[in-house]
Amino acid sequence: MLSLADELDYLRRVRAAQNWMLDHARMRVATGEQIAGDRYTAETLGRMLKSHAKELASSPEAPPYFGRMDHDGHQYYIGRRRITDATGTALVIDWRAPVSSRFYRAGARDRLGVTARRRYGWILPLPTTPTGSTPPATPTGSALPAMPSGSLPPATLTGSALSATPTGFALSATLTGFEDEDLLSFGEPGRLLAEEIERPRVGPMRDIVATIQPDQDELVRTSLNRSLCVQGGPGTGKTAVGLHRAAYLLYTYREQLKRNGVLIIGPNPAFLNYIAAVLPALGELDVRQRTLTGLLGTPRAPDDPAADLIKHDPRMAAVLARAVRATVRPPTGDLVVPDGSVRLRIPESDLIRMVDKIRSEDPLHGLGRERLRARVTALLARRIESRGESTGYAWTQRISRCAPVRALLDQAWPKICPADLLADLLSDTTTLATAAAGILTPAEQVTIRHRRRSRRWSAADLVLLDEIAGLLDHPEPFGHIVVDEAQDLSPMECRVIARRSRHGSLTILGDLAQGTTPWAARDWPAHLSHLGHPEAPTIALTRGFRVPAEVLNYANRLLPSLGVRVPETTSFRTDGSLTIDAHPDVPAAVRSALTHEGSIAVIATAPRLQTVITELTAAGLQPAITEPTATGPQPPNTKPTATGPQPVSAGLTAADPQPANTEPNAAGLAPVTLDPGPDPSPVAPRVTALPAHLAKGLEFDHVIVVNPQEITEAEPRGLNRLYVVLTRAVSRLDVLTGVSPPE
Ligand SMILES: Nc1ncnc2c1ncn2[C@@H]1O[C@H](COP(=O)(O)OP(=O)(O)OP(=O)(O)O)[C@@H](O)[C@H]1O
């Protein structure tokens, strides 16, 4: 076992190796720029070297390793990235390397050959303040919490806290201690893990590489060719598992994923901002993170709940397929193509047979058109060749694009513009009746009909446009897609994702109990079929890392009324508190919450929130707010978990730089800050006022729910919404029930 002094020596070696790696990468970029070669090779090499250097330079403050294990006579230090010294010796191995899996999975029942496991505690420096000074380090960030000197449990081997000042990296993590796990209770959560889970939430979501649990590790390391559906209650780590699986796949299947890449789909921009830092912290800078809207475009027309219900129904796929097929018509007249002194002819009857044959092959529309062009050209070529003449590439090109052939294609198999087709379909009674006959009822047809031909599309229309585009051609594919909050997708939205993962795999993350959209899934098998991966196994995660037991037990009482069958979540934590107060005094609740560390959210229905904000502001407790506009929901103007001493204006605004690879805030989704009035002092900068419908996926240390009965009554799935809202609390939940306490 290494002593304290040995550990410090090792850390110095690792820091030196990190500096060498960075210098070396930068030098290679510099020399690479002078290498002669063809432009393509030089560019590819340059890009590769630069991205390697960028990756090494990113998050220099992160701890270089978080654990160590002894296995098979070797000692392995495990970190976010592999670190090698100038001789090529690996000092730290990547958490995704095959052998690292033993670090996560070795337990009392099966030690997997691991004879010792040690976890390290670090503190991170705070970023430099605007005045240029660096505040003292705090135990936050992507690290295990600090181990206070002298307070280590007897099982650990440290006698005092360590302090190693690194070289090279100006703002580096400081090693503060380590914990050796008791081999007899191997697998029991240690102190460092408990502290990590119970820490107050500060800033955006962090990676969990240091404390991945065995069941999570199995999901993370599932191979690329397998799709997975993870059903997990609130705070069971679904999002964390999905993001770490993306990082694992990129590491293990880098070559395969180079071309098509990985896509993360989240429910809204606020959520994407919340998770944006996780993959870059793991060295993965090139993962696309989008909402479905980000993938499909910005809606320009408001939602229409009655019409949307039909437009999101899977029957619409059949209506649109029929509408596209209806554009293919039997050719009228013979095809006559002048070629030099001869006129080549294909009789109408042959053309009709040809079109019928291609239709029976059921190709995508765009492919069908090209198939018709190719078959007509081939038939004309045979006519020429039967006269003993030859055709070549130039002849084929000319004839296949000549005016008579083009005219035939435009008449029998026309090009389709999705926007035109949808505008015609939705505004023309006869066209819609023909396409929807026997699929939608006449009343349903009236409901979705647009009064005028318009190209101002609602969110539901954009899904239909994508469906039409998918009937014409294949969209850009992805090697792997992670879909979060998947239970909320409509069948038609599922098809958007299915089209993009035809040859790839999916990680589907969701909780049927948290389904709040009108079309939310009630069971997984049907949903998985819409997602194009009915074979994906559904695996349940039932241990909650966020919500303390007392709060979770309270929220779980709603489960039998939610209309779905899901396993109950049990909590890893017993440190929380729950208060139920029939006389809501929001300012008093906020004042009391402010006596604790961490983020605070006041959650209510959107209309109630207006009153609450006025009340809080009058009491000198102006919160950061996030509120809906006519065009849709908005991300919080303070990042979901923004806590600590940040002014309200430090929240996300439309002008703020967006985290790498997340979409910019779509127009109309810009956050709104309450007019601060004559006295703009943000009295309660770590308090966020949040409408219930924007709470999904987020977490706050202290949650104050105002008038829960209004939340349940505000929408058809109001009980599910309340379940989501109650389970956002990391430490404390106050329920201010109002005059009529809910059952
Ligand atoms: N193994 C772990 N070690 C430490 N923290 C963890 C672990 N797994 C999850 N967490 C933490 O638990 C919290 C909840 O995780 P996450 O958001 O992934 O849950 P979720 O299942 O997606 O929740 P929800 O359905 O409510 O959105 C996060 O703060 C996450 O970092």
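## The ligand shell

In this predicted model, the ligand is surrounded by 22 residues, of which Thr211, Gly237, Lys238, Thr239 and Phe545 are the closest. Two elements, helix H4 (191–198) and helix H6 (238–252), each give two or more residues to this shell, and H6 supplies the largest share, three residues. By residue class, the shell around the ligand divides into six nonpolar, eleven polar and five charged residues.

An unreviewed UniProt entry carries the annotation "binding site" for Gly232, Gly233, Pro234, Gly235, Thr236, Gly237, Lys238 and Thr239. Gly237, Lys238 and Thr239 from that annotation are also among the residues closest to the ligand in the model. At the start of the annotated run, Gly232 belongs to strand S7, and Gly232 is classed as buried because 25 other C-beta atoms lie within 10 Å.

## The annotated helicase domain and strands S7, S12 and S13

The UniProt record, again an unreviewed entry, places the feature "domain: UvrD-like helicase ATP-binding" at residues 211–548. Over residues 211–548 the chain is 51% helix and 12% strand, and the C-alpha atoms at the two ends are 18 Å apart.

Strand S13 (residues 505–510) pairs with two other strands described here. With strand S7 (residues 228–232), S13 pairs in the parallel sense over four bridges, and within this pairing Leu228 has Thr507 of S13 as its bridge partner. With strand S12 (residues 480–483), S13 is likewise joined by four bridges, and these two strands run parallel; here Val483 stands opposite Ile508 in S13. Between S12 and S13 the chain passes through helix H21 (residues 491–500), and the resulting β-α-β crossover is right-handed. S13 itself is mostly covered, with five of its six residues buried.

## The open six-stranded sheet

Which strands make up the open sheet, and in what order do they lie? The sheet has six strands in the order S3-S4-S2-S1-S5-S6, and its pairing is mixed. Strand S3 (83–84) and strand S6 (174–180) stand at the edges with a single partner strand each, so one side of each is left without a neighbour in the sheet. Within the sheet, strand S2 (residues 74–79) and strand S4 (residues 90–94) run parallel and are joined by two bridges, with Ile78 having Ile93 in S4 as its bridge partner.

## Strand S21 and its partners

Strand S21 (700–706) is largely enclosed by the rest of the structure, because seven of its seven residues are buried. Strand S18 (residues 600–604) runs parallel to S21 and is joined to S21 by four bridges, and in this pairing Ile603 stands opposite Val705. Strand S22 (residues 729–736) also pairs with S21 in the parallel sense, over six bridges, and the bridge partner of Val706 in S22 is Leu736. In general terms, strands of a sheet pair through backbone hydrogen bonds, in either a parallel or an antiparallel sense.

## Nonpolar cores

The largest nonpolar core holds 151 residues, and the members that touch the most other members are Ala246, Ile508, Val590, Val602, Ile603 and Ile704. Two of these residues have already appeared in strand pairings: Ile508 stands opposite Val483, and Ile603 stands opposite Val705. A further core, separate from the largest one, consists of 13 residues, including Ile346, Val376, Leu380 and Ala412.

## Positive phi angles in two loops

Most residues other than glycine have a negative phi. Against that background, Leu112 has a phi near 55°, a positive value in a residue other than glycine, and Asn707 likewise has a positive phi, near 50°. Leu112 lies in the loop between helix H3 (100–105) and strand S5 (114–123), whereas Asn707 lies in the loop between strand S21 (700–706) and helix H26 (708–713).

Is each of these residues buried or partly exposed? Leu112 counts as partly exposed because it has 15 C-beta neighbours inside 10 Å, while Asn707, with 22 C-beta neighbours inside 10 Å, counts as buried. The loop that holds Asn707 follows S21, the strand in which seven of the seven residues are buried.

Conventions: Residues numbered from 1 in each chain as written. Predicted model: local features only at pLDDT ≥ 70, side-chain atom pairs only at ≥ 80, totals over all residues. Near = placed C-beta within 6 Å. Nonpolar A, V, L, I, M, F, W, Y, C, P; charged D, E, K, R; others polar. Pairing = 2+ DSSP bridges. Buried ≥ 20, exposed ≤ 12 C-beta atoms within 10 Å, placed from the backbone. Right-handed = clockwise from strand over helix to strand, strands pointing away. Core = buried A, V, L, I, M, F, W, Y, C linked by C-beta atoms within 7 Å. UniProt positions renumbered as here; feature names shortened; annotations may be inferred.
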